[in-house]
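Got a minute to look at a structure together? Let's ask how we know what we say about it.

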Amino acid sequence: LSGPDSIGRLTGADQTAAYGASSAAAFPIADRFGERALLRLYRSFNSTRLRGRPGPRLVDRALRRELGMSLAELDALV
């Protein structure tokens with residue numbers, strides 16, 4: 001789900017599950033850090049400051065930069 005069009009390429013139950021996973025991560029982030037922080041995280045993926053190939057390592061960098069947590073920590077929270 002780390003690619004910019006990953007969910008859009010899925011269909012049916014796979015796409016539904018991907019949206020569910022995305023929501024499952026978004027709600028705890030908003031609860032813990034606030035909605036503004038969640039939106040800041042989303043915007044960071046469009047920033048030229050965040051460089052790298054789409055994937056878990058890039059997501060980890062964005063999470064650390066914007067929220068001060070790792071992808072592993074987010075996984076544990078969800």
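Here come some questions on helices, contacts and burial, each with a reply.

Q: What kind of model is this, and how are its residues numbered?
A: This is a predicted model, where local features need pLDDT of at least 70 and side-chain atom pairs count only at pLDDT 80 or more, while totals for chains, interfaces and linings use all residues. Residues are numbered from 1 along each chain as its sequence is written, and side-chain values use heavy atoms, with hydrogens and water left out.

Q: Why is Ser-44 called buried or exposed?
A: Buried means under 20% relative accessible area, exposed means over 50%, and partly exposed is in between (1.4 Å probe, protein chains only). Ser-44 has 7% relative accessibility, so it counts as buried. You'll find Ser-44 in helix α3; helices are DSSP runs of H or I with at least four residues, numbered from the N terminus.

Q: What is Ser-44 in contact with, leaving aside neighbours within four places in sequence?
A: Contact means heavy atoms within 4.5 Å. With those neighbours left out, Ser-44 is in contact with Leu-50, Ala-62 and Glu-66.

Q: How do you know whether Leu-58 is buried or exposed?
A: Check its number: Leu-58 has 9% relative accessibility, so it counts as buried. Leu-58 lies in helix α4. Not counting residues up to four places away in sequence, Leu-58 touches Phe-45, Leu-50, Arg-51, Gly-52 and Arg-53. For Leu-58 and Phe-45, 13 residues apart along the chain, the C-alpha atoms are separated by 8.8 Å.

Q: And what does the accessibility of Arg-61 make it?
A: Arg-61 comes in at 34% relative accessibility, so it counts as partly exposed. This residue is in helix α4 too. Beyond its neighbours within four places in sequence, Arg-61 is in contact with Leu-50, Arg-51 and Gly-52. From C-alpha to C-alpha, Arg-61 and Asn-46 are 13 Å apart in space, and they are 15 residues apart in sequence.

Q: In helix α2, how do Ala-26 and Ala-21 count?
A: Ala-26 has a relative accessible area of 15%, so it is buried. Ala-21 has 38% relative accessibility, so it counts as partly exposed. Ala-26 is in α2, and Ala-21 lies in α2 as well. With neighbours within four places set aside, Ala-26 is in contact with Leu-38 and Tyr-42.

Q: What makes a set of residues a nonpolar core?
A: A nonpolar core is a set of buried Ala, Val, Leu, Ile, Met, Phe, Trp, Tyr and Cys residues joined through side-chain atoms within 4.5 Å. The largest one here has 15 residues, and Ile-29, Leu-38, Leu-41, Leu-63, Leu-67, Met-69 and Leu-74 have the most contacts inside it. Two or more residues each come from α2 (12–33), α3 (35–44) and α4 (56–67). The largest share, five residues, is from α4. In soluble globular proteins, nonpolar side chains tend to be buried together.

Q: Why is α2 called oblique to α3?
A: Axes are lines fitted to C-alpha atoms, for helices over the stretch in contact, and angles run from 0 to 180 degrees between N-to-C directions. Under 35 degrees counts as roughly parallel, over 145 as roughly antiparallel, 65 to 115 as roughly perpendicular, and the rest as oblique. The angle between α2 and α3 is about 125°, with the axes 6 Å apart. That value makes α2 oblique to α3. The contact is made by Ala-26, Ile-29, Ala-30 and Phe-33 of α2 and Glu-35, Ala-37, Leu-38, Leu-41 and Tyr-42 of α3.

Q: And what makes α3 oblique to α4?
A: Their axes come within 10 Å and cross at roughly 140°. Set against the cut-offs, that makes α3 oblique to α4. Ala-37, Arg-40, Leu-41 and Ser-44 in α3 meet Ala-62, Leu-63, Glu-66 and Leu-67 in α4.

Q: How do the residues of the contact of α3 with α4 divide?
A: They divide into five nonpolar, one polar and two charged. Here Ala, Val, Leu, Ile, Met, Phe, Trp, Tyr, Cys and Pro count as nonpolar, Asp, Glu, Lys and Arg as charged, and the others, Gly among them, as polar.
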